[in-house]
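Reader: I'm at home at the bench but less so with models. Could you walk me through reading this one?

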Amino acid sequence: PGSEDSESSEESLSAGAIRREKEAAIKRLEDRLLKFYELVNPEKAGDAPKVARTFVGKEDELNAKLRARYKGSDLSTPSGFMA
């Protein structure tokens, strides 16, 4: 019985760690999107949290959409984004 509780605890901690890492990844992407939008389209800055949640783990897809919309600029473009 003790080992079952221990395994269940480890699974919960693991799930919690995964959830925390995902939230951290979302926050990092949101911060990058905010900086991007502030430079290229300030009106969209309020959408950064929603966009980050939608595209976390799918940054290639997000960058393709940004490039199409913002004349080749995306999150990988060096500071200044639009040269």
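Author: Let's go through confidence, aromatic pairs, the core and a backbone angle.

Author: This is a predicted model, where local features need pLDDT of at least 70, side-chain atom pairs count only at pLDDT 80 or more, and totals for chains, interfaces and linings use all residues. Residues are numbered from 1 along each chain as its sequence is written, and side-chain values use heavy atoms, with hydrogens and water left out.

Reader: What pLDDT does the chain average?

Author: pLDDT is the predictor's confidence in each residue, from 0 to 100. Here the chain averages 85, and 78% of the residues score at least 70. Helix 2 has the highest mean among the elements, 97, and helix 1 the lowest, 83. (Helices are DSSP runs of H or I, at least four residues, numbered from the N terminus.)

Reader: Where does pLDDT stay under 50?

Author: Where pLDDT is low, the predicted coordinates should not be read in detail. That applies to residues 2-6, which stay under 50 and have zero contacts (heavy atoms within 4.5 Å) beyond four places in sequence.

Reader: OK, rings next. How many aromatic pairs does the structure hold?

Author: A pair of aromatic rings is described by the distance of the centres and the angle of the planes. Rings of Phe, Tyr and Trp (its six-membered ring) pair if their centres lie within 6.5 Å; planes under 30 degrees apart are stacked, over 60 edge-to-face, the rest tilted. The structure holds three such pairs. Phe 36 and Tyr 37 have ring centres 5.9 Å apart and planes at 65°, so they are edge-to-face. Phe 36 and Tyr 70 are also edge-to-face, because their centres are 5.5 Å apart and their planes at 80°. Phe 36 is in helix 1 (residues 2-40) and Tyr 70 in the segment after helix 3 (59-69), so this pair ties together parts 34 residues apart in sequence.

Reader: Are Phe 36 and Tyr 70 buried or exposed?

Author: Both are buried, meaning under 20% relative accessible area, with exposed over 50% and partly exposed in between (1.4 Å probe, protein chains only).

Reader: Which helix gives the most to the largest nonpolar core?

Author: A nonpolar core is a set of buried Ala, Val, Leu, Ile, Met, Phe, Trp, Tyr and Cys residues joined through side-chain atoms within 4.5 Å. The largest has 16 residues, and those with the most contacts inside it include Leu 29, Phe 36 and Leu 66. Helix 1 gives the most, six residues.

Reader: What is phi of Lys 71 near?

Author: Most residues other than glycine have a negative phi. Phi of Lys 71 is near 50°, a positive value. Lys 71 counts as exposed, at 77% relative accessibility.

Key: Helices (H or I, at least four residues) and strands (E, at least two) are DSSP runs, numbered from the N terminus.
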